[in-house]
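Okay, hi everyone, thanks for coming. I'll walk you through one structure today, a few spots at a time, so get the picture up on your screens.

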Amino acid sequence: MRWRQAGKPLKRLTNAERRIMKTRVTEALGIEYPIFQGGMAWIGEYHLAAAVSKAGGLGIIGAASAPPEVVLEQIREVKKITDKPFGVNVMLLNPNAPEVAKIIIEEGVKVVTTGAGNPSKFIPAWKEAGVKVIPVVASVAMAVMLERLGVDAIIAEGMESGGHVGSTTTMSLLPQVVDAVKVPVVGAGGIADGRGMAAAFMLGAEAVQMGTRFVASEEAIAHEAYKQKIVKASDIDSVVTGNTTGHPIRTLRNKMTKKYLQLESEGASFEELEQLTLGGLRSAVMDGDVMNGSVMAGQISGMIKDVKSCADILKDVNDEAEKLLNGGWKK
Ligand code: TUI
């Protein structure tokens with residue numbers, strides 16, 4: 001049931017009808033909460049994806065730049081832990097994306113999300129195999145083009161998010177994508193609590209995707225120093241590097257970003273800048289080098305004050321949103 005159907009007058013709802021958290025997305029995917037865990041490089045591995053799916057959200061393995069055999073292993077590990085639906089995110093800048101796309105089909109993965117590019121060439125094979133295709137977009141044009149190719153839903157991700165970012169905010173992008181397509185839209189970027197989720201629903205989203213909130217979870221394998229860097233961050237502690245290279249990436253401020261931004265302002269070459277971030281996400285996530293590494297995280301980091309279980313995150317975000325959307329904001 002949609003919380004509000006466009007063009008129809010609002011009617012008084014019964015308590016049963018008021019359960020707004022059942023949307024076209026929860027129904028199509030068979031999940032309890034309309035909440036996705038963003039498919040993050042290094043952090044979106046099987047422990048996190050399985051924990052989120054097991055607790056009723058959509059856990060997503062971030063294939064990122066991992067070798068195909070590692071992605072295969074990750075998929076099999078999630079299946080050992082839970083029978084619930086989970087997804088795989090294909091990062092389209094990865095040269096191995098075609099092989100990963102094939103593994104998704106062979107392993108019978110139910111949902112694929114894509115990021116950092118145009119997934120058009122993979123869509124026919126995924127559709128043929130019955131995989132639900134839900135690409136991340138940073139523009140209305142890309143959303144409209146992908147709807148024509150038959151995608152099942154669209155994730156509209158604003159530039160508040162961590163990692164690879166577009167240039168439009170969630171507040172502006174999400175309602176414009178909602179207006180431009182008929183398929184359900186998932187809001188992402190800057191969402192980490194029930195208020196953010198309720199706001200996304202008010203803009204027309206039928207689910208949300210959160211990344212940073214799930215990094216600061218008990219089940220995420222990210223080094224404790226990475227989680228604490230998020231917990232201690234303030235509202236202005238994230239920056240975007242790489243605006244000049246064509247790969248804008250949001251990370252938390254540290255020694256690396258200071259140097260990067262300085263070099264960038266001096267017109268450093270792509271190669272020189274690349275050297276500064278090479279292996280940086282891995283060293284931050286795995287070794288806890290949050291000074292020199294790449295601490296990808298969103299602008300909402302400043303609001304995250306604790307590390308808790310994925311089950312608690314899902315329940316707390318969902319319940320708060322449900323209350324707010326039912327008029328709970330009055331009290
Ligand atoms: O993909 C993400 N976030 C990511 S991917 C990533 S790994 C990485 N590492 C180093 C360099 C680059 C990436 C870290 N974070 N989010 C989804 C997302 N997709 N945000 C924006 C987009 C997007 C951007 C342009 C999607 C499509 C698009 O199309 C451009 C075109 O015309 O091809």
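Let's start with W42, which is partly exposed because its relative accessibility is 42%. To find W42, look in the loop between β1 (35-37) and α2. And there's something to notice about its backbone: W42 isn't a glycine, yet it has a positive phi of about 65 degrees. Before I go on, please keep in mind that this is a predicted model.

A64 has a positive phi as well, about 40 degrees, and it isn't a glycine either. You'll find A64 in the loop between β2 (59-62) and α3. So is A64 buried or exposed? A64 counts as buried, because its relative accessibility is 12% and the cut-off for buried is under 20%.

Okay, on to helices. Take α2, residues 46-54, and α3, residues 68-81: their axes come within 9 Å of each other and cross at roughly 35 degrees. The crossing of α2 past α3 is right-handed. Which residues of the two helices meet? From α2 we have Y46, A49, A50 and K54, and from α3 we have Q74, E77, V78 and I81. If you sort the residues of that contact by type, you get 5 nonpolar, 1 polar and 2 charged.

Now here's another pair for you, α11 (residues 255-265) and α12 (residues 270-277). Their axes come within 10 Å, and the crossing angle is roughly 175 degrees. What does that make the two helices, relative to each other? Roughly antiparallel, because the angle is roughly 175 degrees and anything over 145 counts that way. On the α11 side, the contact is made by M256, K259, Y260, L263 and E264, and on the α12 side by E272, L273, L276 and T277. By type, the residues of this contact split into 5 nonpolar, 1 polar and 3 charged.

Next up, salt bridges. How many does the count come to? It comes to 11 salt bridges, and I'll show you a few of them.

One is between E107 and K79, where the closest N and O atoms are 2.9 Å apart. E107 sits in the loop between α4 (97-106) and β4 (111-115), while K79 is in helix α3, so this pair ties together parts that are 28 residues apart in sequence. As for how covered they are, E107 is buried, with a relative accessible area of 14%. K79 counts as partly exposed, at 34% relative accessibility.

Another one joins K127 and D152, with the closest N and O atoms 3.1 Å apart. This pair also links distant parts of the chain: K127 belongs to helix α5 (residues 123-128), D152 is in the loop between α6 (140-148) and β6 (154-157), and they're 25 residues apart. K127 is partly exposed at 30% relative accessibility, and D152 is partly exposed too, with a relative accessible area of 25%.

Then there's R213 with D306, and here the closest N and O atoms are 3.0 Å apart. R213 is in helix α9 and D306 is in the loop between α13 (280-287) and α14 (310-325), so the bridge ties together parts that are 93 residues apart in sequence. Is R213 buried or exposed? R213 is buried, with a relative accessible area of 5%. D306 is partly exposed, with 33%. One extra thing on this topic: salt bridges that share partners join R76, K79 and E107 into one network.

Last stop, and we've just met one of its contacts. Please find A216, in the loop between α9 (212-215) and α10 (224-232). A216 is buried, because its relative accessibility is 0%. What does A216 touch, apart from its neighbours within four places in sequence? The contacts are K227, I230, I304, D306, V307, K308 and I313. So you can spot D306 again, the partner of R213 in that salt bridge. And look at K308: A216 and K308 are 92 residues apart in sequence, but their C-alpha atoms are 7.0 Å apart in space.

That's my tour. If you'd like to look around on your own, try going back to α11 and α12, and trace how they run roughly antiparallel. Thanks, and I'm happy to take questions.

How values were computed:
Residues numbered from 1 in each chain as written. Predicted model: local features only at pLDDT ≥ 70, side-chain atom pairs only at ≥ 80, totals over all residues. Heavy atoms only, no water. Helix = DSSP H or I, 4+ residues; strand = E, 2+ residues; numbered from the N terminus. Buried < 20%, exposed > 50% of the residue type's maximum accessible area, 1.4 Å probe, protein only. Contact = heavy atoms within 4.5 Å. Axes fitted to C-alpha atoms, helices over the stretch in contact; angles between N-to-C directions. Left-handed = near helix turned anticlockwise from the far one by under 90°. Nonpolar A, V, L, I, M, F, W, Y, C, P; charged D, E, K, R; others polar. Salt bridge = Lys/Arg side-chain N within 4 Å of Asp/Glu carboxyl O. Parallel < 35°, antiparallel > 145°, perpendicular 65-115°, else oblique.
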